[in-house]
Amino acid sequence: METPALLVEGLTKTYTPGARPAVDGLSFTMPRGETWGLLGGNGAGKSTTIAMLLGLLVPSSGRVLALGHDMATDRFAALARMNFSSPYIALPHRLTVRENLRVYGHLYGVPEMERRIADLVAEFDLGDFADRPAGQLSAGQKTRVALAKALINTPALLLLDEPTASLDPDTGDWVRSALERYRAETGAAILLASHNMAEVERLCANVLMLKGGRVVDEGSPAALLAKYGRDDLEEVFLDIARGRERAEAL
Ligand SMILES: Nc1ncnc2c1ncn2[C@@H]1O[C@H](COP(=O)(O)OP(=O)(O)OP(=O)(O)O)[C@@H](O)[C@H]1O
């Protein structure tokens with residue numbers, strides 16, 4: 001059987017000794033071919049989780065198998081087939097968009113790289129500013145470039161931290177369609193941290209609700225709506241964020 005996209009066991013991160021962990025015993029198994037959402041209020045532990053899944057941050061305890069590879073011992077085998085985008089990581093700003101994509105294409109050893117770049121420039125509508133320095137772009141334009149960069153190596157596992165945060169509604173909508181198409185065409189798994197409930201409802205097969213670094217609930221958007229007796233995920237999120245138990249919510 002194919003290994004899951006992510007197998008996470010007891011993942012914990014304590015930044016300050018003696019303080020409460022930022023991520024506290026997180027365990028889940030995410031299959032390939034699905035998009036999952038990581039939801040939670042500010043400080044819930046989403047970015048810390050993603051940084052550990054990528055091997056950028058060493059966990060205090062627990063383990064991550066990404067595409068079957070242990071991130072503690074066999075990280076590079078996994079990273080070649082993973083990618084990510086985060087609003088907190090800037091692209092080299094003096095390089096043009098196209099140069100940026102070439103740099104990352106080389107890093108990942110992308111075959112037929114110019115064709116791959118041309119496809120991504122078309123897919124994310126980067127043509128108008130492909131030859132401008134990345135540092136001169138608007139936040140929304142940078143986000144689209146970051147997503148193109150995240151797909152350069154056709155990853156089997158894609159981790160996205162707030163992928164559409166700076167996009168206007170129309171652009172956000174077609175970026176979501178592009179992600180959905182990518183998943184459907186390649187069978188990739190996508191884990192996205194988001195504050196956008198409509199986005200999560202539209203894209204995600206399963207949602208992990210984080211609070212204080214722990215999963216406080218999980219399920220498909222439809223199952224969570226039914227469980228909390230709500231019409232949209234925003235209301236479910238508020239119920240959980242404000243600590244209302246299910247019984248009180250009903
Ligand atoms: N480098 C750090 N050193 C110490 N504490 C940190 C560090 N980074 C994050 N934290 C703390 O860890 C907790 C989780 O933060 P994290 O950034 O993972 O949350 P988040 O869910 O991504 O939040 P947001 O929605 O605000 O981006 C917070 O209490 C935060 O203050």
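Seven of the eight residues of helix H1 (residues 46-53) are buried, so the helix is mostly covered. Here a residue is buried if 20 or more other C-beta atoms lie within 10 Å of its own, exposed if 12 or fewer, and partly exposed in between, with C-beta atoms placed from the backbone. The buried residues of H1 are Lys46, Thr48, Thr49, Ile50, Ala51, Met52 and Leu53. Just after H1 comes Gly55, with a positive phi of about 80°.

This is a predicted model, in which local features need pLDDT of at least 70 and side-chain atom pairs count only at pLDDT 80 or more, while totals for chains, interfaces and linings use all residues. Residues are numbered from 1 along each chain as its sequence is written.

**The whole chain**

The protein chain has ten helices and ten strands. Helices (H or I, at least four residues) and strands (E, at least two) are DSSP runs, numbered from the N terminus. The radius of gyration of the protein chain is 18 Å, close to the 18 Å that the globule rule gives for 250 residues, so the chain is as compact as a globular protein of that length. The radius is taken over C-alpha atoms, and the rule is 2.2 Å times the number of residues to the power 0.38. The C-alpha trace spans about 55 × 40 × 40 Å along its principal axes. Of the 250 residues, 42% count as buried.

Two residues are in contact if their C-beta atoms, placed from the backbone, lie within 7 Å. Among contacts in the protein chain with a separation of 6 or more, 66% are between residues 24 or more positions apart.

**Two domains**

The domain assignment gives domain 1 (6-81 + 156-249) and domain 2 (87-154); such bounds come from an automatic or database domain assignment. The centres of the two domains, taken over C-alpha atoms, are 25 Å apart. Domain 1 brings 15 residues to the contact and domain 2 brings twelve residues. On the side of domain 1 that touches domain 2, strand E7 (157-161) and helix H6 (169-186) are the elements that give two or more residues. H6 gives the most, with five residues. By class, this side of domain 1 has nine nonpolar, three polar and three charged residues. Ala, Val, Leu, Ile, Met, Phe, Trp, Tyr, Cys and Pro count as nonpolar, Asp, Glu, Lys and Arg as charged, and the others, Gly among them, as polar.

**Around the ligand**

The residues around the ligand are Tyr15, Ala22, Gly40, Asn42, Gly43, Ala44, Gly45, Lys46, Ser47 and Thr48. A residue counts as near a molecule if its C-beta atom, placed from the backbone, lies within 6 Å of it. This shell divides into three nonpolar, six polar and one charged residue.

Val23 lies in strand E2 (residues 23-30). Val23 is buried, with 27 other C-beta atoms within 10 Å. Not counting residues up to four places away in sequence, Val23 touches Leu11, Thr12, Lys13, Gly45, Thr48, Thr49, Met52 and Gly213. Leu11 is twelve residues from Val23 along the chain, and their C-alpha atoms are separated by 7.0 Å.

**Two helices with a buried side**

In helix H3 (residues 97-107), the buried residues are Val97, Asn100, Leu101, Tyr104 and Gly105. They cover an arc of only 135° around the axis, which puts them on the same side of H3. The arc is that of the directions from the helix axis to the C-beta atoms. The buried residues of H3 pack against helix H4 (113-123) and helix H5 (139-150).

In helix H9 (residues 233-241), Leu233, Val236, Phe237, Asp239 and Ile240 are buried. Seen down the axis of H9, these residues fall within an arc of 160°, so they line one face of the helix.

**Positive phi**

Most residues other than glycine have a negative phi. Two residues that are not glycines have a positive phi here, as tabulated.

| Residue | Phi | Location | Other C-beta atoms within 10 Å |
|---|---|---|---|
| Leu67 | about 50° | loop between strand E4 (61-66) and strand E5 (69-70) | 22, buried |
| Glu112 | about 45° | loop between H3 and H4 | 10, exposed |

Glycines with a positive phi also follow the two helices described above: Gly109 follows H3, with a phi near 60°, and Gly243 comes just after H9, with a phi of about 75°.
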